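Please read these notes with the model open beside you, taking the points in order.

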Amino acid sequence: MKIAPSLLAFDFANIERQMSEIEKYADWLHYDVMDGHFVPNISFGPDILKDIKKTTKLFIDVHLMISDPYAYLDRFIEAGADLITFHQEAVDNETANKIIDHLKEKGIKVGMSIKPNTDPTALIPYLERLDLVLVMSVEPGFGGQSFLASAYDKIVYYDQFRHEYDLDYLIEVDGGINDKNATSLVECGTDVLVSGSYILKGDIKTNIERLRIK
Ligand code: DX5
Ligand code: ZN
């Protein structure tokens, strides 16, 4: 399993120190993009990613919580994204396919995400072509929220689906992850744990180790 700390929870006055710890102990860096429209919050765009990319060799996991993901793909690719995940709720079927085609053409990994109230079957038309499915375990928009247990059934659903159809997408979970729920999430089939507040609000090395052991 992989640990993907979320940049959203960084203390930006201490970003250099926190990045160097994350670099040593984490696997991916989770980069949350919010546009104040798809979600009621604004975070960071491609220019900041470009600067971050210069400081890290970690795999860059971009999570687009924006209303028009297609329009921004190239800017995030140029900024150094390794994987780009967009929301099913933000696009129609034609646009979803267009995004997947575009990212595959550019050699960038592609993920799709669902919010807590979206039925997991909404991703069925795309699963065969996805590198990753991102199950949201909080309403997207803010760090530090409580984990919603409804995520478990969705993880089990996507895990069974990939076994049944012999697919190889990864399952990532995002929101409210800590040392209490990490073990059971991995047991259900989660491959990538995103964690912001839990990892960053304390000793980074210890907290990452706790997520791994548990
Ligand atoms: C929420 C973001 C998450 C967030 C997770 O909209 O997608 O990545 O940073 O933060 P915690 O771990 O604090 O819930
Ligand atoms: Zn996220």
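1. Is Arg162 buried or exposed? Its relative accessibility is 11%, so Arg162 counts as buried, where buried means under 20% relative accessible area and exposed over 50%, with partly exposed in between (1.4 Å probe, protein chains only). This is a predicted model, in which local features need pLDDT of at least 70 and side-chain atom pairs count only at pLDDT 80 or more, while totals for chains, interfaces and linings use all residues. Residues are numbered from 1 along each chain as its sequence is written, and side-chain values use heavy atoms, leaving out hydrogens and water.

2. Arg162 belongs to helix 5, helices being DSSP runs of H or I with at least four residues, and strands runs of E with at least two, numbered from the N terminus. Leaving aside neighbours within four places in sequence, Arg162 is in contact (heavy atoms within 4.5 Å) with Leu167, Tyr169, Leu170, Ile171, Gly189 and Asp191.

3. The largest nonpolar core, a set of buried Ala, Val, Leu, Ile, Met, Phe, Trp, Tyr and Cys residues joined through side-chain atoms within 4.5 Å, has 61 residues, and among those with the most contacts inside it are Leu127 and Tyr158. Helix 5 (residues 151-164) gives the largest share of this core, 5 residues. Apart from this core lies another, of 9 residues, including Trp28 and Val192.

4. With neighbours within four places in sequence again left aside, Leu127 is in contact with Val133, Tyr158, Phe161, Leu167 and Tyr169.

Technical notes
Chains are lettered from A and ligands numbered from 1 in the order in which they are written.
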